[in-house]
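Let's take a friendly look at how parts of a protein pack together and where empty space is left. Have the model open as you read.

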Amino acid sequence: MKKLIALFMLTGLLLSPVITKAQDATEEASAEDTTEMAMEEEAVEEPAPVVADDEIVVEDQPFHQVIKDKFIEGDPTFMTPVLICLILGLAVALERIITLNLSTTNTKKLLAKVEDALDQGGIEAAKDVTKSTKGPVASIFTQGLMRYSEGIEMVEKSIIAYGSVEMGRLEKGLVWISLFISLAPMLGFMGTVIGMIGAFDSIEAAGDISPSLVAGGIKIALLTTVAGLIVAIILQLFYNYCVAKIDSLVNDMEDASITLVDILVKHKLTK
């Protein structure tokens with residue numbers, strides 16, 4: 001019996017390290033499973049960053065809404081006069097662009113018609129051609145043909161005089177566009193100065209310089225300045241287009257007038 005008990009004790013001593021290692025391995029596996037489950041729960045429960053949501057909302061805002069917000073932030077008291085300059089300037093510029101484009105005439109085709117009319121029906125037939133054609137070039141031709149009976153010199157004087165009148169009509173309204181180009185930045189700078197004065201008044205009243213205290217006045221100042229500069233840039237583009245178009249029309253009038261005088265001299269010599 002003693003030998004049997006001793007045998008069991010010896011077997012237990014031999015198996016105890018194996019059992020201990022198995023228990024340790026089981027505990028480690030259980031700890032790892034618990035850690036992985038906790039990490040998965042944190043990953044699932046972690047909320048999306050609020051900043052990302054805010055950025056998405058800002059990007060989804062339409063352009064006109066952004067402009068409206070900036071207009072309100074810049075104080076409508078100062079932004080409204082700048083907006084009025086833009087509206088009036090664009091109205092005058094569009095009217096000038098339409099008028100100048102309608103005043104464009106194919107001078108080569110008109111001169112060919114006038115020359116054919118002179119050969120076939122004389123001065124009266126040429127007058128009918130120019131009167132039925134729209135544009136400043138045709139009007140100048142009409143005035144020159146009406147003085148044909150007084151001589152070529154009177155025709156040239158009449159063309160020069162009436163050319164100046166037509167040029168003045170083409171340039172009509174450009175002075176208003178130029179006014180709004182100058183006025184818009186001035187109004188923006190005035191809003192800037194008033195906004196800075198308000199910011200310094202706030203600093204004086206508070207007795208301390210605080211970024212949040214000064215930011216309001218400076219923001220108004222910057223927004224009004226930017227608005228005035230943007231309006232001036234837009235109107236300047238339209239103004240330069242109108243000036244270039246007028247220069248082109250004036251060059252066509254001068255070239256066509258010289259050619260008309262040559263045609264009249266040729267017709268008088270062959271008459």
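What follows covers a helix pair, a covered helix and a pocket.

This is a predicted model, in which local features need pLDDT of at least 70 and side-chain atom pairs count only at pLDDT 80 or more, while totals for chains, interfaces and linings use all residues. Residues are numbered from 1 along each chain as its sequence is written, and side-chain values use heavy atoms, leaving out hydrogens and water.

Here are three helices (DSSP runs of H or I, at least four residues, numbered from the N terminus).

| Helix | Residues |
|---|---|
| α4 | 76-102 |
| α6 | 136-146 |
| α8 | 174-206 |

How do the axes of α4 and α8 cross? They come within 9 Å and cross at roughly 170° (axes are lines fitted to C-alpha atoms over the stretch in contact, with angles from 0 to 180 degrees between N-to-C directions). The two helices are therefore roughly antiparallel (an angle over 145 degrees). Where they meet, with heavy atoms within 4.5 Å, α4 offers residues including F78 and C85, and α8 residues including W176 and F180.

Now find α6, where eight of 11 residues are buried (under 20% relative accessible area, with a 1.4 Å probe and protein chains only). Among them are P136, F141 and L145.

Finally, which residues are closest to the centre of the second largest pocket? Of the 13 that line this pocket, they are I159, I160, G163, E254 and S257. Helices α7 (152-170) and α9 (211-270) each give two or more residues to the lining.

Conventions
On a 1 Å grid over the protein atoms alone, a cavity is a set of points where a 1.4 Å probe fits but cannot get out, and a pocket is an open set with protein on both sides within 12 Å along at least five of seven lines; lining residues have an atom within 4 Å of a point. Buried means under 20% relative accessible area, exposed over 50%, partly exposed in between (1.4 Å probe, protein chains only). Angles under 35 degrees count as roughly parallel, over 145 as roughly antiparallel, 65 to 115 as roughly perpendicular and the rest as oblique.
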